[in-house]
Amino acid sequence: MSRPATPFDIKSASITGLALVLRTTDIADIETELGERVRDAGDLFSNAPVLVDVSALTASETADQLPLGRLIELLGAHTMRAVGIVGA
């Protein structure tokens, strides 16, 4: 007897991408620095998948204070794609 089909599978996977390790939730500071780094890197970050790593944030700046929607828009403006959050 065969097993009925399920609506999804959960499998182990890995991707090659970038980790954006945030040390602040100040989106203006992040935007300025990211703009400079992307400008200096040419196409290096083009279409790169990015994990947003919030593990380096301090008790005074927590992941809850991060304007996540704005950060995703910012990454997209630089042709990067947020694919997940780690360290929360």
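The following paragraphs describe the strands, one helix and two loop residues of a predicted model.

The strands of the model form an open sheet of 3 strands, which follow the order E1-E2-E3 with parallel pairing. The edge strands of this sheet are E1 and E3, each of which pairs on one side only, and the twist averages 30° from one strand to the next. In general, the strands of a sheet pair through backbone hydrogen bonds, and the pairing may be either parallel or antiparallel. Between E2 and E3 the pairing is in the parallel sense and extends over 5 bridges; within this part of the sheet, Val52 stands opposite Ile85, a residue of E3. Strand E2 spans residues 49-53, while strand E3 spans residues 81-86.

Helix H2, which comprises residues 68-77, has both buried and exposed positions. Its buried residues are Leu71, Leu74 and Leu75. These three residues lie on the same side of H2, because they cover an arc of only 95° around the axis. Such an arrangement can be read alongside a general property of the α-helix, which has 3.6 residues a turn, so that residues three or four places apart point the same way. On the other side of H2, Glu73 and Ala77 are exposed. The buried residues of the helix pack against strand E1 (18-21), and also against H1, E2 and E3, so the contacts of this buried side include each of the strands named in the sheet order E1-E2-E3.

Two loop residues are notable for their backbone angles. As a general rule, most residues other than glycine have a negative phi. Asn47, by contrast, has a positive phi of about 60° although it is not a glycine. This residue, Asn47, is placed in the loop between helix H1 (27-41) and strand E2 (49-53), and it is partly exposed there, with a relative accessible area of 48%. Partly exposed is the appropriate description because 48% falls between the limits of 20% for buried and 50% for exposed residues.

A positive phi is also found for Thr79, a residue other than glycine whose phi is near 60°. Thr79 takes this value just after H2, in the loop that lies between helix H2 (68-77) and strand E3 (81-86). With a relative accessible area of 38%, Thr79 is partly exposed. Thus Asn47 is located in a loop that leads from helix H1 to strand E2, and Thr79 in a loop that leads from helix H2 to strand E3.

Methods:
Residues numbered from 1 in each chain as written. Predicted model: local features only at pLDDT ≥ 70, side-chain atom pairs only at ≥ 80, totals over all residues. Heavy atoms only, no water. Helix = DSSP H or I, 4+ residues; strand = E, 2+ residues; numbered from the N terminus. Buried < 20%, exposed > 50% of the residue type's maximum accessible area, 1.4 Å probe, protein only. Arc of directions from axis to C-beta. Contact = heavy atoms within 4.5 Å. Pairing = 2+ DSSP bridges. Axes fitted to C-alpha atoms, helices over the stretch in contact; angles between N-to-C directions.
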